[in-house]
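Please read through the structure below with the sequence beside it. The paragraphs that follow move from single residues to the chain as a whole.

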Amino acid sequence: MLMRTDPFRELDRLAQTLVGPGTWSKPSAMAMDAYREGDEYVVAFDLPGVSADAIDIDVERNMLTVKAERRPAAKADDVQMELSERPLGVFSRQIVLADTLDTERIQADYDAGVLTLRIPIAERAKPRKISIGVGSGHKEISG
C-alpha cells in the first residue's frame, strides 16, 4: 500500500495528542466558515461524527456560542483498536454577532456532519431609499 505523508498533518495530530481531548471547562475549537448570502449571514461548522442531540447553540445578546461533544462509538468487548485519529471530547466556538443581525430569527440545520446557522440581516440594517419631499413653500423663523 502506498502512503503519502504530510508533515504538518502529523504535527497537528501530535499536538492534539499532547493537548488531549476537549473538556467542558476547556473545549477544543471547531472549524467553521462564515459568509454573507443575500440577506442572510451564514455560519457553517464542521462536526463530523457528532449526533444532533450533542450540539448546544446559545445566543446571549450578541454572543453566539456553539458547543458539541463527540463521544466514543460503542464497541463490542472483543474489538481491539488499532488506530484512533478522530478527536473526541468537547468542541466550542464563540462568535460576536454584529448589531445588524436579527438574532431572534436564527435558523439551524444539521446535515452530513455540518451545522449550518442562517442569521437574517435586520431590516433596520438593510439599504433603503429615502424619498425627498417637495415643500409647497418656504418657512421662515422670525424671532
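Is S92 buried or exposed? The model is a predicted one, and in it S92 has a relative accessible area of 14%, which lies under the 20% cut-off for a buried residue, so S92 counts as buried. This serine belongs to strand β6, the element that covers residues 89-96. From there, the side chain of S92 comes to 3.4 Å from the backbone oxygen of V66.

A second residue to look at alongside S92 is T65, which is part of strand β5. T65 has a relative accessibility of 14% and is therefore classed as buried. Once its neighbours within four places in sequence are left aside, the residues in contact with T65 are D56, I57, D58, S92, R93 and Q94, so that S92, described above, appears among the contacts of T65. With one of these residues, Q94, T65 also makes a polar contact, in which the two side chains approach to 3.0 Å.

Two residues in loops deserve separate attention for their backbone angles. R61 sits in the loop that links β4 (55-60) to β5 (63-70), and its phi is near 55 degrees, a positive value in a residue that is not glycine. Is the arginine at this place buried or exposed? R61 has 75% relative accessibility, above the 50% cut-off, and so it counts as exposed. A112, for its part, is placed in the loop between β7 (107-111) and β8 (114-120). Although A112 is not a glycine, its phi is positive too, at about 55 degrees. The relative accessibility of A112 is 74%, and this alanine therefore counts as exposed.

Just before that loop, the reader can turn to D111, which is found in strand β7. D111 has a relative accessible area of 54% and is therefore exposed. Along the chain, D111 and P48 are 63 residues apart, while in space their C-alpha atoms are separated by 9.6 Å.

The next feature is an open space in the protein. Rolling a probe the size of a water molecule over the atoms shows where empty space is left. The second largest pocket has a volume of about 170 Å³. Which residues line the second largest pocket? The lining is made up of R71, P72, A73, K75, M81, L83, S84, E85, R86 and L88. Sorted by class, this lining contains five nonpolar residues, one polar residue and four charged residues.

Finally, the chain can be considered as a whole. It contains one helix and eight strands, and, read from the N terminus, these elements follow the order α-β-β-β-β-β-β-β-β. The chain has 143 residues, of which 24% count as buried, and S92 and T65, as described above, are both classed as buried. If the contacts between residues at least 6 apart in sequence are taken together, 55% of them join residues that are at least 24 apart. The accessible surface of the chain amounts to about 11,600 Å², and carbon and sulfur atoms account for 51% of that area.

Technical notes:
Residues are numbered from 1 along each chain as its sequence is written. This is a predicted model: local features need pLDDT of at least 70, side-chain atom pairs count only at pLDDT 80 or more; totals for chains, interfaces and linings use all residues. Side-chain values use heavy atoms; hydrogens and water are left out. On a 1 Å grid over the protein atoms alone, a cavity is a set of points where a 1.4 Å probe fits but cannot get out, and a pocket is an open set with protein on both sides within 12 Å along at least five of seven lines; lining residues have an atom within 4 Å of a point. Grid points are joined across faces, edges and corners, and a volume is the space filled by probe spheres set on the points. Ala, Val, Leu, Ile, Met, Phe, Trp, Tyr, Cys and Pro count as nonpolar, Asp, Glu, Lys and Arg as charged, and the others, Gly among them, as polar. Helices (H or I, at least four residues) and strands (E, at least two) are DSSP runs, numbered from the N terminus. Buried means under 20% relative accessible area, exposed over 50%, partly exposed in between (1.4 Å probe, protein chains only). Contact means heavy atoms within 4.5 Å. Accessible areas come from the Shrake-Rupley method with a 1.4 Å probe; for residues, only the protein chains shown count as cover. A polar contact is a pair of N or O atoms within 3.5 Å; within protein, one must be able to donate a hydrogen and the other to accept it, and residues adjacent in sequence count only if both atoms are side-chain atoms.
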